[in-house]
Amino acid sequence: MSKPHRWIAALSLSWLLLGVSCAPLSTEPASSGSSTPAVRGVNLAAHAKYECASPPNYWGWKGPEHKDTGRLADGRILESWADPEGKHFYALPSAAGWSEVKPVVIVFDLGMARSIAGIGLHSLLSPWGPYWPAEITVMVSDDNTHFQLAAPPLSVAPAQLSPPLRDDVVQAAIDRVLPQKGIEPTTHWYRTDQLAARGRYVALILMPHPSTGVIVLDEVEIHEGRADFQKASRPKQVFAEGKGGVRSYQLYGAMGERVSRDMAALKEKIGPKRNPARHAGEPVAGPGGLGNRARPTTGAVHKEFPGDPADQRSSPPGV
Ligand SMILES: [Ca+2]
């Protein structure tokens, strides 16, 4: 098993609205060697209206005494595991947490169509579950009903965080040795500026890591993009069911997975032993070139999407 995935398998399942303005991004220095872009510019999410379409249910805002007062966009973050009074990051009303909510959906209203270059999420690593989403899908919309992908889904690697996380620290969290060693869990930014999108409404569809099932955030950023992003084309596929288009998107993904499984089964059925061309060392020449269907990768931080959003042939009916 590859090293980046080693900790994934080891984690235990038992581990556990709305004003618009622009403000500078927080500018805390990233540690040296960070691969995360040092984002500077306008944070469109600052004090913006947003809706947690998935109500937080994990500590923090879970308690009825804690109301969401815009804390995901108030510019305040807790940069340590505990506040000065010793209260932990995940349990404070300043953080929102979700446990076994798949996916978490948060929709921001930027007030008007804006150019969007990227996003940022502030969270933490702890031995008890909280971690960044395993997959982040960013959708954009002009009417809060019809959403389109801003980019292929993003994945988060420890080295991408700011400051970056070492694999051995991640493994230590898996082994729950941090408190015993006197090392406290740490908070980090995940930031990417790889979007080139536009839209008034920005939906974040966050899939928790399958081994933890927990997402905890205390701040979200949406980074302003270049002016010419306002002319950026969008994928043809439109997702209109559910907040942020999430229901349509999930159905679309499920259809893509089913097609992939069927293709794999078919490929197995007509495998190399039955294909004279393969025996001759030649490419498979079946209908559509089954042997050549592997999709191109979209970059280190992009996860392959089960179906090209721009390819209407793979769209489920009615979506
Ligand atoms: Ca905050």
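Asn 144 is placed in the loop between β6 and β7. Although Asn 144 is not a glycine, its phi is positive, at about 65°. Asn 144 counts as partly exposed because it has 16 C-beta neighbours inside 10 Å. The model in which this loop occurs is a predicted one, and the description below covers its overall make-up, its core, its strands and one of its helices, and then further loop positions.

The secondary structure of the protein comes to five helices and 11 strands. Of its 319 residues, 38% count as buried. The mean pLDDT is 74, and 67% of the residues reach 70 or more. Over residues 1-36 the pLDDT is below 50; this stretch has 67 contacts in the model beyond near neighbours in sequence. The pLDDT is also below 50 over residues 278-319, a stretch with 58 contacts in the model beyond near neighbours in sequence.

The largest nonpolar core holds 61 residues, among which Phe 108 and Val 202 touch the most other members. Strand β5, residues 104-125, gives the most to this core, with 12 residues. When residues up to four places away in sequence are not counted, Phe 108 touches Ala 45, Ala 48, Tyr 50, Tyr 201, Val 202 and Ile 222. Val 202 thus appears among the contacts of Phe 108.

Strand β5 also takes part in strand pairing. With β8, β5 pairs in the antiparallel sense over seven bridges. At one position of β8, Arg 191 has Gly 120 standing opposite. Strand β8 covers residues 186-192, and six of its seven residues are buried, so β8 is largely enclosed by the rest of the structure.

A second antiparallel arrangement involves β4 and β10. Strand β4 is made up of residues 96-99 and is joined to β10 by four bridges. Leu 217 in β10 has Ala 96 standing opposite. Strand β10, residues 214-217, is covered on both faces. On one side of β10, Val 214 and Val 216 are buried, and on the other side Ile 215 and Leu 217 are buried.

Helix α4 consists of 24 residues, 246-269. At 1.5 Å a residue, α4 should span 34 Å, and its end C-alpha atoms are 34 Å apart, which agrees with that expectation. Within α4, Val 246, Ser 248, Tyr 249, Tyr 252 and Gly 256 are buried. The buried residues of α4 pack against three strands, namely β5, β6 (135-141) and β9 (197-207). Strand β5 therefore has a place in the account of α4 as well as in that of β8, since β5 and β8 are paired.

The loop between β4 and β5 contains two positions with particular backbone geometry. Pro 103 lies in this loop, and the peptide bond leading to it from Lys 102 is cis, with omega near 0°. Glu 100 is placed in the loop between β4 and β5 too. Phi of Glu 100 is near 55°, a positive value in a residue other than glycine. Glu 100 counts as exposed because it has 12 C-beta neighbours inside 10 Å.

Another cis peptide bond joins Ser 162 and Pro 163, with omega about -5°. Pro 163 lies in the loop between β7 (147-149) and α2 (167-174).

Two further loop residues were examined for their surroundings. Gln 230 is placed in the loop between β11 (219-224) and α4. With 14 other C-beta atoms within 10 Å, Gln 230 is partly exposed. Leaving aside neighbours within four places in sequence, the residues in contact with Gln 230 are Ala 113, Ser 115 and Arg 198. Gln 230 and Arg 198 are 32 residues apart in sequence, yet 5.4 Å apart in space, C-alpha to C-alpha.

Asn 57 is placed in the loop between β3 (49-52) and β4. With 15 other C-beta atoms within 10 Å, Asn 57 is partly exposed. Between the C-alpha atoms of Asn 57 and Ala 96, which are 39 residues apart along the chain, the separation is 8.1 Å. Ala 96 is also the residue that stands opposite Leu 217 in β10.

Conventions
Residues numbered from 1 in each chain as written. Predicted model: local features only at pLDDT ≥ 70, side-chain atom pairs only at ≥ 80, totals over all residues. Core = buried A, V, L, I, M, F, W, Y, C linked by C-beta atoms within 7 Å. Buried ≥ 20, exposed ≤ 12 C-beta atoms within 10 Å, placed from the backbone. Contact = placed C-beta atoms within 7 Å. Pairing = 2+ DSSP bridges. Expected span 1.5 Å × (residues − 1). pLDDT = per-residue confidence, 0-100.
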